[in-house]
Amino acid sequence: MTLLRDMRYPTPQELGLSARTLADEHPGAARLRQAGTSRAGQPLWVLSVAPVGAGTRNVLVVAGAHANEPVGGATALSLARRVLGDPAPRAGCGWHFLLCADPDGADLHRTPRPYSLLDYHRNFFRPPGPEQPEWAPSLLPPDRLPPETLALTALIDELRPVLQVSLHATDLGGSWVQLTRDIPGLAEPFAKSAAELGIPVENGASDAAGWPSPGPGIFVIPQPGSEAAGAFHPEDTRLSTWYHAHRYAGTTAVVEVPMWASDLVDDPAPHPDPRRALRMMAGRLTADAALVAAVRERIRSGSLPYEDPAAGPLLRAVDWTLGLIPRITVEWTGAGAPADATAAYIASIDAFGRRMSLRAAAMLLRVLRAQGHPAAPGLDRLVTGWCEEFAARFGARWVPVATQVEHQARTVLAAYERLVAARG
């Protein structure tokens, strides 16, 4: 297998153009249509590949739900090409690709080809939870949902997918899959793909602490009231668009792939003192967040109001991120980590904490630079130092975009094959 090593992350506009070309090349088999419009008026494109034979099932693949996770669009196009060229996954099944669920956010996060963690954070943007298409229903009343969310839920209502796949990425770590229902047998092809491509499996993902795990890197979201201590979720997952497919007996798979890999998140050995480690991480996160918050307070007096069209989204995201941190540290210093926690789990928590304060600082730095604020140089040094420490602590190694795409695409196809087999 040969992968294109110079592949880069496409922009929402490039995704639309590539999808239009693909549809023109396959008239009758592929169709591009607009499923809605973003808050800023950008089209939300859906590329559909028609089934071979009588269509009885649909698969919906959602890319770009998080602005700072740009690999999904490239994976969606790669999957569309594969499905067009292979009759097996199209046998009685239509495939539908939402190419970018948040094009406005993607335009604010600009990293078509990052070369380092610092480069990635120079133009970092991740909107606050209520402005994220998948999470908005868990944080807002129905009459305040953004148009991107309404378009996505309408698409699910239309297609009634047997499988919905949400394509996500992590800046540094390993690959893992979250499932709203178990897909028997997925662990084997997932692990095989990761091993062949040299991607570590995140077998102690902090996002899924204590969740049922039918195999390394595969986590099934638990039923209400059964989450173990240590898992932190500011949103109620079951109110997200992931669960909207359950109205039609569908299953959602969330496929995560790293931009930079670290073997620390794939270490199943017991950690020698997980609760002490978690307390130390909570203290570091509190101190780091305080440094960012102090700079934020210096500009809160009115020189950079939320109404500023350039600064507003960034500042809302900074405040949202800083607001989450006290709740996280309470979780870590309360019940804390289980006594039998693995080294992989503690490494995943470590990475999670580092990225929270770093993201807030990086987005605030963008605002300060644009305004020529005197605090910018100091915050720049902080962001630079944190990025270097993050990469060094985890032995970060770049995963080529084509490799990220290949692993995600393989996992999506394996999830569909195993789900159909399980259903008979």
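## Helix packing and selected residues in a predicted model

Helix 10 and helix 11 are roughly antiparallel to each other, a label given to angles over 145 degrees, with under 35 counted as roughly parallel, 65 to 115 as roughly perpendicular and the rest as oblique. This is a predicted model, in which local features need pLDDT of at least 70 and side-chain atom pairs count only at pLDDT 80 or more, while totals for chains, interfaces and linings use all residues. Residues are numbered from 1 along each chain as its sequence is written, and side-chain values use heavy atoms, without hydrogens and water. Helices (H or I, at least four residues) and strands (E, at least two) are DSSP runs numbered from the N terminus.

**Helix pairs**

The axes of helix 10 and helix 11 (residues 376-394) are 9 Å apart and make an angle of about 155°. Axes here are lines fitted to C-alpha atoms, for helices over the stretch in contact, and the angles run from 0 to 180 degrees between N-to-C directions. Helix 10 passes helix 11 in a left-handed crossing, meaning that the near helix is turned anticlockwise from the far one by less than a right angle, whereas clockwise is right-handed. The contact of helix 10 with helix 11 has 15 nonpolar, 1 polar and 7 charged residues. In this classification Ala, Val, Leu, Ile, Met, Phe, Trp, Tyr, Cys and Pro are nonpolar, Asp, Glu, Lys and Arg are charged, and the others, Gly among them, are polar.

Helix 7 (residues 187-197) and helix 12 (residues 401-423) have axes that come within 9 Å and cross at roughly 165°; helix 7 and helix 12 are therefore roughly antiparallel. Their crossing is right-handed. On the helix 7 side, Pro189, Phe190, Ser193, Ala194, Glu196 and Leu197 meet residues of helix 12 that include His407, Arg410 and Ala414. By class, this contact has 5 nonpolar, 4 polar and 4 charged residues.

**Helix 6 and its end**

Helix 6 (residues 147-159) has 13 residues and an expected span of 18 Å, which agrees with the 18 Å between its end C-alpha atoms; the expected span is 1.5 Å times one less than the number of residues. Its buried residues are Glu148, Thr149, Ala151, Leu152, Thr153, Leu155, Ile156 and Leu159, where buried means under 20% relative accessible area, exposed over 50% and partly exposed in between (1.4 Å probe, protein chains only). Their cover includes strand 1 (30-37), strand 4 (91-98) and helix 4 (103-108), contact being heavy atoms within 4.5 Å. Helix 6 is followed by Arg160, which lies in the loop between helix 6 and strand 5.

**Single residues**

Phi of Arg160 is near 45°, a positive value in a residue other than glycine. Ala249, in the loop between strand 7 (218-220) and strand 8 (251-261), also has a positive phi, near 65°.

| Residue | Relative accessibility | Class |
|---|---|---|
| Ala341 | 4% | buried |
| Arg354 | 17% | buried |
| Arg160 | 54% | exposed |
| Ala249 | 41% | partly exposed |

Ala341 sits in the loop between helix 9 (311-333) and helix 10 (343-371). Beyond its neighbours within four places in sequence, Ala341 is in contact with Pro270, His271, Pro274 and Ile346. The C-alpha atom of Ala341 is 8.5 Å from that of Asp273, 68 residues away along the chain. Arg354 belongs to helix 10. With neighbours within four places set aside, Arg354 is in contact with Arg284, Glu389, Phe390, Arg393 and Phe394.
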